[in-house]
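Colleague: I am new to this structure, and I would like to hear the reasons behind each label. Could we look at the sequence and the model together?

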Amino acid sequence: TPDMPNNSIGGQVNLITKSSFEFARPTYTGRVFFNFNSMDADLKKTPGPVKNDTFKSTPGLEFTVTQPFSKTLGIAFTGYLAREYKNNYRVQPSYSYTGTFSNLAGQQISLANPALTRFQIQSTPMMVDKMSGNLRVDWKPSPSQSIRANVQYSTYDSVEAQRNLDI
């Protein structure tokens, strides 16, 4: 946030689940979306990151159902389902500044004239499956009291591969 110094990331998230008392009648909302990775923009199955070919662009779903039964009792149910494909790339050169060998021009290696001794390229493709559901029951036994019961289920499953090329 703007009030924080720029040497680290910080902050907080205040997650407030939906209450059935926010709505006067049953409410249904939904969202269908598409996870698309511009680095792997194929819409058909391609190899990796697991044994079988997989889609890299995948659909997702998010929905909320809110049902107020009366002014004192109601439920809210939310769900989320998505698969994301990510591929992290890393390139790492390694240099030597000392030694008894010289470069192709015949110059001895030094801090001012380093020699490239290793060049590593790494690709780490990953598939992440996320699923969550939340059921909340709201009850107002009196105008000044509110009781909430909440049940939540979430999964996060990922699989990744790592490919290295050393030159």
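Modeller: Helices (H or I, at least four residues) and strands (E, at least two) are DSSP runs, numbered from the N terminus. By that reading the chain has zero helices and six strands, and from the N terminus on the order of the elements is β-β-β-β-β-β. This is a predicted model, in which local features need pLDDT of at least 70 and side-chain atom pairs count only at pLDDT 80 or more, while totals for chains, interfaces and linings use all residues. Residues are numbered from 1 along each chain as its sequence is written, and side-chain values use heavy atoms, with hydrogens and water left out.

Colleague: What makes F33 and Y80 a stacked aromatic pair?

Modeller: Rings of Phe, Tyr and Trp (its six-membered ring) pair if their centres lie within 6.5 Å, and planes under 30 degrees apart count as stacked, over 60 as edge-to-face and the rest as tilted. The centres of F33 and Y80 are 5.9 Å apart and their planes make an angle of 20°, so both values meet the cut-offs for a stacked pair. The pair links distant parts of the chain, since F33 belongs to strand β1 (residues 27–35) and Y80 to strand β3 (residues 73–96), 47 residues apart.

Colleague: Why is F33 called buried, and why does Y80 count as partly exposed?

Modeller: Buried means under 20% relative accessible area, exposed over 50%, and partly exposed in between (1.4 Å probe, protein chains only). F33 has a relative accessible area of 15%, so F33 is buried, whereas Y80 is at 24% and therefore counts as partly exposed.

Colleague: Why is the pair of F63 and F77 called tilted?

Modeller: The ring centres of F63 and F77 lie 5.5 Å apart with the planes at 50°, so the pair is tilted. This pair also links distant parts of the chain, with F63 in strand β2 (residues 58–68) and F77 in strand β3, 14 residues apart. F63, with a relative accessible area of 27%, is partly exposed, and F77, at 35%, counts as partly exposed as well. The structure holds two aromatic pairs.

Colleague: How do you know that the side chains of R31 and E62 meet in a salt bridge?

Modeller: A salt bridge is a side-chain nitrogen of Lys or Arg within 4 Å of a carboxyl oxygen of Asp or Glu. For R31 and E62 the distance from N to O is 2.7 Å, so the pair satisfies that cut-off. R31 sits in strand β1 and E62 in strand β2, 31 residues apart, so that the pair links distant parts of the chain. R31, at 44% relative accessibility, counts as partly exposed, and so does E62, with a relative accessible area of 32%.

Colleague: How many salt bridges does a search of the whole structure find?

Modeller: The search finds five salt bridges. Among them is the one between R83 and D129, at 2.6 Å from N to O, which links R83 in strand β3 to D129 in strand β4, 46 residues apart. Another of them joins D138 and R136 at 2.8 Å, N to O.

Colleague: Are D138 and R136 buried or exposed?

Modeller: D138 has 0% relative accessibility and therefore counts as buried, and R136, at 5%, counts as buried too.

Colleague: What does S96 touch, not counting residues up to four places away in sequence?

Modeller: Contact means heavy atoms within 4.5 Å. With those sequence neighbours left out, S96 touches F101, I109, P114, A115 and T117. S96 has its place in strand β3, and its relative accessible area of 17% is why S96 is called buried.

Colleague: Where is S57 found, and why is S57 called buried?

Modeller: S57 is found in the loop between β1 and β2, and its relative accessible area is 6%, so S57 is buried. Not counting residues up to four places away in sequence, S57 touches F34, N35, F36, N37, D40, D42 and L43.

Colleague: How many residues does the chain have, and what percentage of them is buried?

Modeller: The chain has 167 residues, and buried residues make up 24% of them.
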